[in-house]
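Work through the exercises below with the coordinates open. Each task is followed by a solution in steps.

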Amino acid sequence: MKHTATNTKAAIPINSRVNDPQAALNARSGKVWLVGAGPGDAELLTVKALRAINSADIIFYDQLVSEEICALFPKNTPALYVGKVKNNHSIPQEDLNLLLVNQAQLGLNVCRIKGGDPFVFGRGGEELLALRRAGVEAEVIPGITSASGCSTYADIPLTHRGIAQGCTFVTGHAEKTLDVNWSALAQLNHTLVFYMGLTRAGDISANLLAGGLAADTPVAIIENGCRKDQRDIISDLKNFPEAVLREHVKSPALIIVGHVVSLKEQLQVEVWMQEAKRMTA
Ligand code: SAH
């Protein structure tokens, strides 16, 4: 269940003043904050994000903004769901851009809140560009991106001295085929984090194997990261597509490829050792 302060779709008219930037500048103008909500845990919200939520006249939120965070929205602030469901965009991006411009031009302070970080596969750049083009004051508040939050909650450091000197974020989403230089990715010796990769698990595995990455390279699939029902599934490059099916992994989920994944087990062993020591002391 999402926040239900106001009915969601198409409640707000979109007018055409956006096409006239001068009119926008002349008008009593509000401001838009593009706010990163982080991956789920409300305690991962920044102080600045919380302040933007509390001072907004209206909130627009996405699918990936967790219920826990929606529960923090002030009860008297209208909050509208503008999220997208796969293959079923509830509001086209262009209309959403217009909506934000329009609301600011009406003089409202708008909080546009998104999962993770707005600038990491979040279309924050497109929204910011539309707002700036329309002469609307806008500010981006960064959030913890899911790669960072989910890996941390799973005990997987994204980089580790001697194991991974870098980390690359890749999107698994594409209209048709993925436009990725797989052999370059496979040769990087980086941790690779795939966003939106679930339905492309087979392609990701096959392409990285063909690019030269070893079949036994550890892989973690993190479902519902930084939420109460986070699930970590550990596999390897050859077998993880099968694990995705077998475990019925659901979105949102991240795929982490690289030797840093094996640190999870080492870190867990340390916890058990400490517990065993305490029990026998
Ligand atoms: N801007 C977001 C990413 C949006 S793309 C960010 O910075 O995190 C959406 C993808 O992000 C999902 O398909 C999934 O791969 C990943 N994702 C977002 N939240 C997640 C979560 N809580 N657990 C696992 N993956 C998540």
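A salt bridge here is a side-chain nitrogen of Lys or Arg within 4 Å of a carboxyl oxygen of Asp or Glu. The model is predicted.

**Exercise 1. The salt-bridge network**

Task: Find which residues are linked with Glu 223 in a network of salt bridges, and examine the pair Arg 246 and Glu 247.

Solution.
- Step 1. The network links Glu 223, Arg 231, Glu 242, Arg 246 and Glu 247.
- Step 2. Take Arg 246 and Glu 247: their side chains meet in a salt bridge at 3.6 Å, N to O. The cut-off is 4 Å, so this pair qualifies.
- Step 3. Check the exposure of each partner. Arg 246 has a relative accessible area of 47%, so it is partly exposed. Glu 247 has 29% and therefore also counts as partly exposed.

**Exercise 2. Two further salt bridges**

Task: State how many salt bridges a search of the whole structure finds. Then describe the pairs Lys 48 with Glu 139 and Arg 200 with Asp 203.

Solution.
- Step 1. The search of the whole structure gives 14 salt bridges.
- Step 2. In the pair of Lys 48 and Glu 139, the closest N and O atoms are 3.3 Å apart.
- Step 3. Place this pair in the chain. Lys 48 sits in helix 2 (residues 47-55) and Glu 139 in strand 7 (residues 137-141). They are 91 residues apart, and the pair links distant parts of the chain.
- Step 4. Assign exposure. Lys 48 is partly exposed because its relative accessible area is 48%. Glu 139, at 23%, is partly exposed too.
- Step 5. Turn to Arg 200 and Asp 203. Their side chains form a salt bridge at 3.7 Å, N to O.
- Step 6. Arg 200 has a relative accessible area of 15%, so it is buried. Asp 203 has 37%, so it is partly exposed.

**Exercise 3. The ligand shell**

Task: Characterise the residues that surround the ligand, and list polar contacts to its nitrogen atoms.

Solution.
- Step 1. Count the shell: 19 residues surround the ligand. The closest are Val 120, Thr 145, Ser 146, Gly 225 and Ala 253.
- Step 2. Sort by class. The shell has eleven nonpolar, six polar and two charged residues.
- Step 3. Locate contributing elements. Helix 6 (146-153) and strand 12 (253-257) each supply at least two shell residues.
- Step 4. List the contacts. A polar backbone atom of Val 120 is 2.7 Å from a ligand nitrogen. For Pro 39, a backbone N or O atom lies 2.9 Å from a nitrogen atom of the ligand. Arg 227 uses its side chain: an N or O atom there is 3.5 Å from a ligand nitrogen.
- Step 5. Quantify the burial. The ligand taken alone exposes 540 Å², and the protein buries 94% of that.

**Exercise 4. Unusual backbone geometry**

Task: Identify the geometry of the peptide bond from Ser 251 to Pro 252, cis or trans. Then find the sign of phi, positive or negative, at Asn 189 and Met 196.

Solution.
- Step 1. Recall the background. Most residues other than glycine have a negative phi, and most peptide bonds are trans.
- Step 2. The bond from Ser 251 to Pro 252 is cis, with omega near 5 degrees. Pro 252 lies in the loop between helix 9 (240-246) and strand 12.
- Step 3. Asn 189 has a positive phi, near 65 degrees. Its loop runs between helix 7 (182-187) and strand 9 (191-195). At 52% relative accessibility, Asn 189 counts as exposed.
- Step 4. Met 196 also has a positive phi, near 50 degrees. Met 196 lies in the loop between strand 9 and helix 8 (201-210). Its relative accessible area is 40%, so Met 196 is partly exposed.

**Exercise 5. A surface patch and a glutamate**

Task: Name the residues that form a nonpolar surface patch with Val 269. Then decide whether Glu 127 is buried or exposed.

Solution.
- Step 1. Val 269, Val 271, Trp 272 and Met 273 form the patch. Together they have about 370 Å² of accessible area.
- Step 2. Val 269 belongs to helix 10 (residues 263-280). At 30% relative accessibility, Val 269 counts as partly exposed.
- Step 3. Glu 127 lies in helix 5 (residues 124-133). Its relative accessibility is 0%, so Glu 127 is buried.
- Step 4. Compare Glu 127 with Leu 100. They are 27 residues apart in sequence, and their C-alpha atoms are 8.4 Å apart in space.

Technical notes
Residues are numbered from 1 along each chain as its sequence is written. This is a predicted model: local features need pLDDT of at least 70, side-chain atom pairs count only at pLDDT 80 or more; totals for chains, interfaces and linings use all residues. Side-chain values use heavy atoms; hydrogens and water are left out. Patches are made of residues with over 30% relative accessible area and no salt bridge: like charges are joined within 9 Å, nonpolar side chains (Val, Leu, Ile, Met, Phe, Trp, Tyr) within 5 Å. Accessible areas come from the Shrake-Rupley method with a 1.4 Å probe; for residues, only the protein chains shown count as cover. Helices (H or I, at least four residues) and strands (E, at least two) are DSSP runs, numbered from the N terminus. Buried means under 20% relative accessible area, exposed over 50%, partly exposed in between (1.4 Å probe, protein chains only). A residue is near a molecule or strand if one of its heavy atoms lies within 4 Å of it. A polar contact is a pair of N or O atoms within 3.5 Å; within protein, one must be able to donate a hydrogen and the other to accept it, and residues adjacent in sequence count only if both atoms are side-chain atoms. Ala, Val, Leu, Ile, Met, Phe, Trp, Tyr, Cys and Pro count as nonpolar, Asp, Glu, Lys and Arg as charged, and the others, Gly among them, as polar.
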